[in-house]
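Welcome to this short tour. Have your viewer ready, and select each stop as we come to it.

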Amino acid sequence: MRFFKHKITTVILLVSITTIIFSGACMSNVSAAELVVVVIDPGHGGSNLGTDYLPIPEKNYTMAVALYMKEQLEKYQNVQVYLTHSEDIDMSLEKRAEFADKVHADFVFSLHFNMSISHILYGSEVWVPSEGMLYSQGYSVANEFLTQFEEMGLFNRGIKTRIGSKGTDYYGIIRQCALRNIPAVIVEHCHVDHNNDAPYIQSPEKLKEFGVRDAEAVARYFGLVSKDGKTDYSGYAPLAVPVPSNRVYNDTTAPTHVSANLLNYDKTGKYATVELTALDAESPIQYYSYSYDNGLTWSLLQPWTKGSPTITVSVNMEYGKKENLIFKAYNLYDKSTDSNVIRLSSVN
């Protein structure tokens, strides 16, 4: 097992948006008594553009945020920070992990931005290793990142694992680092293809905030103290996460139950008040959507109240003849289940 340390190097960058991604044990509090070695991995590079939904490819955003993150982390004591690459080059995931191993990294943070095939998802998420202490370390630091992003106003899509066809971690940077016993996480800052998230990447100032927030998440996790003494996280305790005795698998099934109970229907104002219940034993419910044209079109995804199996929602039915109302509930892994149909034509 690697020991936790901290460290950072400094690079000043003027970024232009036109050029700019159980054993029963628990993790104890991490402190910066020793030097911590942090490796920041700007996702993609070279011919690997990453998400290219926007005119500027993902690789430009990840490099911008990585440099800002590095600059901010270098304001702390007892931390050494490296980038896997600082130029726009092709670099395999194996080479990135080899670099981290060579510099004796205590953690690898792979920075990314997201999009969905359907372009309906929004928010931030972090992918973590699926086994042992690496899982516990990854989950704990992921919690720090998502806390920062929630403070920015982004939707928290959760902390996730993904298992590939060979029964190991699906994502190469996590898998390659795990082979070298290095904890690594993939930080998906937001979705570039959704109106909720797009404003967060539209200026160097917003990208810098991501970099600063990323650095603060790491500083809190490792209990760093700033060089000027104004910020002291040495007494901070990150989330203690039990070490799982078995691999933590991702949820591959949809919610087991979704029901919709009409509480009130204002025919004149075209508003329906509905009690929604959704159950999933494997992962939390994350969004809901609705349709009042028999599933031909669906509303934008709406956030589900975290931790609650039942919520009450109000639906604006707009104009025209609306006869049926149906809902979908989505879990942590975006699997959805439809509710029963509410037949408005039968309401007195």
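Start by selecting Thr273 and Ser314: Ser314, in strand 11, is the bridge partner of Thr273. Keep in mind along the way that this is a predicted model.

Now widen the selection to the two strands around that pair. Strand 8 (residues 271-279) and strand 11 are antiparallel, and seven bridges join them. In general, the strands of a sheet pair through backbone hydrogen bonds, either parallel or antiparallel.

Which strands make up the whole sheet here, and in what order? Show three strands in the order 7-8-11: they form an open sheet with antiparallel pairing. Strand 7 (257-266) and strand 11 are the edge strands, as each pairs on one side only. Turn the view and look along the sheet: from one strand to the next, the twist averages 25°.

Next, select Thr305. You will find Thr305 in the loop between strand 10 (302-303) and strand 11 (310-316). Is Thr305 buried, partly exposed or exposed? Its relative accessibility is 46%, so Thr305 counts as partly exposed. Add Tyr288 to the selection and draw a distance between the two C-alpha atoms: Thr305 and Tyr288 lie 9.9 Å apart in space, with their positions 17 residues apart in sequence.

Move on to another part of the chain and select strand 4 (residues 124-127) together with strand 5 (residues 156-160). These two strands run parallel, joined by three bridges. One pair to pick out is Trp127 with its bridge partner in strand 5, Lys160. Now add helix 3 (residues 132-152): with strand 4 and strand 5, helix 3 makes a right-handed β-α-β unit. Switch on the surface and strand 5 turns out to be mostly covered, with five of its five residues buried.

For the last close-up, select helix 1 (residues 58-73). How far apart are the end C-alpha atoms of helix 1? They are 22 Å apart, and this agrees with the expected span, because 16 residues at 1.5 Å a residue should also span 22 Å. All around you will see other parts of the protein: 16 of the 16 residues of helix 1 are buried, so helix 1 is largely enclosed by the rest of the structure.

Finally, zoom out to the full protein. Its secondary structure comes to five helices and 14 strands. Of its 348 residues, 53% are buried. The accessible surface comes to about 15700 Å², and carbon and sulfur atoms account for 50% of that surface.

Conventions:
Residues are numbered from 1 along each chain as its sequence is written. This is a predicted model: local features need pLDDT of at least 70, side-chain atom pairs count only at pLDDT 80 or more; totals for chains, interfaces and linings use all residues. Side-chain values use heavy atoms; hydrogens and water are left out. Buried means under 20% relative accessible area, exposed over 50%, partly exposed in between (1.4 Å probe, protein chains only). Helices (H or I, at least four residues) and strands (E, at least two) are DSSP runs, numbered from the N terminus. Two strands pair if DSSP finds at least two bridges between them. A crossover is right-handed if, with the strands pointing away from the viewer, the path from the first strand over the helix to the second runs clockwise. The expected span of a helix is 1.5 Å times one less than its number of residues. Axes are lines fitted to C-alpha atoms, for helices over the stretch in contact, and angles run from 0 to 180 degrees between N-to-C directions. Accessible areas come from the Shrake-Rupley method with a 1.4 Å probe; for residues, only the protein chains shown count as cover.
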